[in-house]
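Trainee: Hey, got a minute to walk me through this one? I'd like to start with the ligand.

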Amino acid sequence: MKRTIILLAALSLLVISCQKEVIKPGPSLGASFNGAFLVGAALNDAAISGKDAGANKIVTSQFNTITNENLLKWEVVHPEPDSFNFEPADAYVAFGEANGMVIIGHTLTWHHQTPNWVFEGEDGGLTDRETLIARMENHISTVVGRYKGRINGWDVVNEALNEDGSLRDSKWRQIIGDDYIDLAFKFAQAADPGAELYYNDYNMFREAKALGAVALINHLKAEGLRVDAVGMQGHWGPDFPQINDAENSIQIFKNAELTVVVTELDINMLPRPENMQGADIELNYENTIKFNPYAEGLPDSMQTVLTDRYAEFFSLFKKYGDTVDRVTFWGVYDGSSWLDNWPIVGRTNYPLLFDRQYNPKPAYHAVIKVGEVGK
Ligand code: XIL
């Protein structure tokens, strides 16, 4: 009898510990960096709806903030002068709320993914300053206003700087003048005074560009406008930026008393035509075998490079945890990354922490480890 009881007790302990094993939550990127910064990902429609169930599961279990990849860009949400397409954005915001996430809106004023009609006058040439300002105000007040109190932060202006830190001569600037940036921040602030407002750009590890961003943001602040953080997109590679350069820029922002958000992190593991850096989405090159060398899988040596890169970047972000508020990956897993199609269509890239089968890669475990250090 005694033996049976002991056996039964041992068995039930085994069952309980197995159950514990089953219900024990796995590691989470968001939880790992809790207290330092938020960790998030950019989402497409399939990840939001659950049509891509693997992506949906990664998002809900790993991240505490989300950014829309495309659905709030002007061409998607406001394709015609009098028609807004809010369905995908409504679903995005509802998904974020249902999962208690910090929800980011991307982006209000950009020279890409903006329909031609926005800049056109009646004669087919460029429109005039007053008309474009009115279109901008209507767009920003309608879109930001709809999600007032629900979208927590907005990329108000995207990629307004040249590499030397001067202002890009986009149609926004050509038609309105330099103060189009001031106006965008003014309209966003008026539409939702509670939302955070960001300036966002690529290649911010370059000192001249970082200094340009500081000058721009200081100007906006001097005009009485609010800028809550500067976004470093983080479309990086195995060989750039040097970690010192990334650190130098974060230090420049810190010295300027700016908060940093790393908004679009991915590491392009494929050869880059002309050794290009940055993220100009207009770039497009022909696909050849030379530029798609890992179609059958990433060699171990490159996997290690990716792992080490991610570990060193996250160590840097953690070191500046008082300055860095958020780190968002540009995509959820390798199979849905924009880098499979940019700047060359149809490649097999490996830029994120989850592979094509939705499994965590060695880089994932390395990043979690960085988060756990000192806890
Ligand atoms: C990219 C999206 O990921 C693609 O799906 C789309 O076709 C083009 O734009 N910088 C940005 C992002 O600010 O909006 C871009 O996103 C990538 C570069």
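**Around the ligand**

Mentor: Start at N158: one of its polar side-chain atoms is 3.0 Å from an oxygen atom of the ligand. That is a polar contact, meaning a pair of N or O atoms within 3.5 Å; within protein, one must be able to donate a hydrogen and the other to accept it, and residues adjacent in sequence count only if both atoms are side-chain atoms.

Trainee: How much of the ligand does the protein bury?

Mentor: The protein buries 84% of the 420 Å² that the ligand exposes when taken alone. Those areas come from the Shrake-Rupley method with a 1.4 Å probe, and for residues only the protein chains shown count as cover.

Trainee: Before I go on, where does the model come from, and how are residues numbered?

Mentor: This is a predicted model, where local features need pLDDT of at least 70, side-chain atom pairs count only at pLDDT 80 or more, and totals for chains, interfaces and linings use all residues. Residues are numbered from 1 along each chain as its sequence is written, and side-chain values use heavy atoms, with hydrogens and water left out.

Trainee: Ok, back to the ligand. What distance does the side chain of N70 have to a ligand oxygen?

Mentor: An N or O atom in the N70 side chain is 2.9 Å from an oxygen atom of the ligand. For Q113, a polar side-chain atom is 3.2 Å from a ligand oxygen.

Trainee: And which residues come nearest?

Mentor: Of the 15 residues around the ligand, those are E69, K73, H106, E264 and W330. A residue counts as near if one of its heavy atoms lies within 4 Å. By class, the shell has 5 nonpolar, 6 polar and 4 charged residues. Here Ala, Val, Leu, Ile, Met, Phe, Trp, Tyr, Cys and Pro are nonpolar, Asp, Glu, Lys and Arg are charged, and the others, Gly among them, are polar.

Trainee: Which pocket does the ligand sit in?

Mentor: The second largest one, with a volume of about 200 Å³. Of its 15 lining residues, K73, Q113, I281, W330 and W338 are closest to its centre. On a 1 Å grid over the protein atoms alone, a pocket is an open set of points with protein on both sides within 12 Å along at least five of seven lines, a cavity is a set where a 1.4 Å probe fits but cannot get out, and lining residues have an atom within 4 Å of a point. "Sits in" means more than half of the molecule's atoms lie within 2 Å of the grid points. For volumes, points are joined across faces, edges and corners, and the space filled by probe spheres set on them is counted.

Trainee: What about the largest pocket, how much space is in there?

Mentor: About 240 Å³. Its 12 lining residues include P27, K57, I58, S61 and Q62, the closest to its centre. Helix α4 (residues 53-62) gives the largest share of that lining, 5 residues. Helices (H or I, at least four residues) and strands (E, at least two) are DSSP runs, numbered from the N terminus.

Trainee: Switching topic: how many cavities of 30 Å³ or more are there?

Mentor: There are 4. The largest cavity holds about 60 Å³, and its lining includes W236, F240 and W342.

Trainee: Which residue does F240 join through a cis peptide bond?

Mentor: P241, with omega about -10°. P241 is in the loop between β7 (235-236) and α11 (243-255). W342 also leads into a cis bond, to P343, with omega near -5°.
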